[in-house]
2 protein chains.
Amino acid sequence: VTTADGQRARRRTGRRPGDPRSRELILRAARECFAATGYAATTIRSVATAAGVDPALVHYFFGTKDRLFAAAMELPLDPSQIVDDVLAGEVAGLGERLARRFFEVWDDPATGPPLVGLIRGAASHQPSAELLREFVGREILLRIAASEGHPDAVLRANLCAAQLVGTAFLRYVLRVEPLASADPAELVGWLAPTLQRYLTARDPERPVG
Amino acid sequence: VTTADGQRARRRTGRRPGDPRSRELILRAARECFAATGYAATTIRSVATAAGVDPALVHYFFGTKDRLFAAAMELPLDPSQIVDDVLAGEVAGLGERLARRFFEVWDDPATGPPLVGLIRGAASHQPSAELLREFVGREILLRIAASEGHPDAVLRANLCAAQLVGTAFLRYVLRVEPLASADPAELVGWLAPTLQRYLTARDPERPVG
């Protein structure tokens, strides 16, 4: 029995897999679980239990917890894809790829505007925005920062987040000029070395480690 | 006639200088003028006219437009003092002095909490918070960035603002750990080279110019 066969077999154990209401039930249960217990404590299994379906059905529809979360929160991006893109390539280009991906996502009319809501909501402590913020921090920036194996990876992820959240706030929410109209390529040139240093420098004082 | 004599003479031209209501009248007029026409277009003279007092009386109570603004908005800091402190000393220490001053102001229980309101208010586009944000950008960061004479000083000030506003948002508003509990000295070590590069680098690609 191959892994693919096993996956197909597991999918068949799910209740009413053809019923579109199952997917909606799972999403509703996921929203409730994430909101009630936070991202870390919520599991595929706990969502399945809350939805009254087999965990295999949750896997069948959403694959992983982070994709379930993104779907439940209607988050217009796939965090795993972003992490994979940024980590693919030379370590020396880490900061540049992160900066480039950041402006691509925010300048895209499909993904940018919903993210403005995230920043506004976080400022007024809306629970769903808090959850999204925690998720983006943990599932994107922390995974990128942790790739270098520094023991203070969480602080390094926070520092990247501070630069990026501040940039998003001024450029896309407040629309401060000239930042709001600046060419993304020029901004990548400014931010890339900053992010590179936060992610890879051996210590704060050295430019790049 | 010395300058001090001249100042005393001008003060005497002000209407009801001993009347504490004059100060309150001026502050109320200042709030209205700044809100109606923005920081740049408001003058000591226009505030005096709106308050029905002599401009000399406005000078007598508040000295400069930025101090009048700080008093009118109940801003718990003196922007000129901050700019003077940051600009005093070697250019090589510019980023470090700015980072250090930033954490001093935000970690001070007298000045930090009111600034949290500024960030929250700016996110929801409250006019007074917008005005404060514009003022801090123009009267502190732009004056520091302009000291190096780069033609793109406004963008450089925006980049510093992005790093600092994002840091304030995560550390003091959302209280994201470990950033929220990190030693300010450690954070100065991380942020100083970033701010130094934004303020002084000849172009984005060079570490420090």
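**Entry 1: a salt bridge within one helix**

I began with chain A, where the side chains of Glu139(A) and Arg143(A) form a salt bridge with an N to O distance of 3.4 Å. The model I am reading is a predicted one. I then looked up where the two residues sit. Both belong to helix α9 (residues 127–146) of chain A, and because they are 4 residues apart there, about one helical turn separates them. I noted that Glu139(A) is buried, at a relative accessible area of 12%, whereas Arg143(A) is partly exposed, at 30%.

**Entry 2: salt bridges in chain B**

I turned next to Arg171(B), which pairs with Asp107(B) in a salt bridge whose closest N and O atoms are 3.2 Å apart. Arg171(B) is part of helix α10 (residues 153–173) of chain B and Asp107(B) part of helix α7 (residues 94–107) of chain B, so this pair ties together parts 64 residues apart in sequence. With a relative accessibility of 3%, Arg171(B) is buried; Asp107(B), at 35%, is partly exposed.

I also examined Asp152(B) and Arg156(B), a salt bridge with its closest N and O atoms 2.6 Å apart. Here Asp152(B) is partly exposed, with a relative accessible area of 25%, and Arg156(B) is buried, at 1% relative accessibility. Returning to chain A, I found that Asp66(A), Glu139(A) and Arg143(A) are joined into one network by salt bridges that share partners. Over all chains I recorded 14 salt bridges.

**Entry 3: the relation of the two chains**

I asked what rotation superposes chain B on chain A. The rotation is 180°, with 0.0 Å of shift along its axis, and the RMSD is 0.1 Å. That is the relation of a two-fold axis. The same surface serves both copies, since 100% of the contact residues of chain B recur in chain A. I then looked for the residue of chain B that comes closest to the rotation axis, and found Gly166(B), with its C-alpha at 1.9 Å.

**Entry 4: two packed helices**

In chain B I inspected helix α2 (residues 20–41) and helix α3 (residues 44–51), which pack at an angle of about 120° with their axes 8 Å apart. I entered the crossing of α2(B) and α3(B) as right-handed. On the α2(B) side I listed Leu25(B), Ile26(B), Ala29(B), Ala30(B) and Cys33(B); they meet Ser46(B), Val47(B), Ala50(B) and Ala51(B) in α3(B). The residues of this contact comprise 8 nonpolar, 1 polar and no charged.

**Entry 5: the loop between α10 and α11**

I closed with backbone geometry. Most residues other than glycine have a negative phi, and most peptide bonds are trans. In chain A the peptide bond from Glu177(A) to Pro178(A) is cis, with omega near 5°. Pro178(A) is placed in the loop between α10 (153–173) and α11 (184–200) of chain A. In chain B, I found Glu177(B) and Pro178(B) joined by a cis peptide bond with omega of about 10°, and Pro178(B) lies in the loop between α10 and α11 (184–200) of chain B.

I recorded a positive phi of about 55° for Arg175(A), although it is not a glycine. Arg175(A) is found in the loop between α10 and α11 of chain A and is partly exposed, with a relative accessible area of 48%. For Arg175(B), likewise not a glycine, I noted a positive phi of about 55°. Arg175(B) lies in the loop between α10 and α11 of chain B and counts as partly exposed at 48% relative accessibility.

Conventions:
Residues numbered from 1 in each chain as written. Chains lettered and ligands numbered in written order. Predicted model: local features only at pLDDT ≥ 70, side-chain atom pairs only at ≥ 80, totals over all residues. Heavy atoms only, no water. Least-squares fit on C-alpha atoms with pLDDT ≥ 70 in both. Contact = heavy atoms within 4.5 Å. Salt bridge = Lys/Arg side-chain N within 4 Å of Asp/Glu carboxyl O. Buried < 20%, exposed > 50% of the residue type's maximum accessible area, 1.4 Å probe, protein only. Axes fitted to C-alpha atoms, helices over the stretch in contact; angles between N-to-C directions. Left-handed = near helix turned anticlockwise from the far one by under 90°. Nonpolar A, V, L, I, M, F, W, Y, C, P; charged D, E, K, R; others polar.
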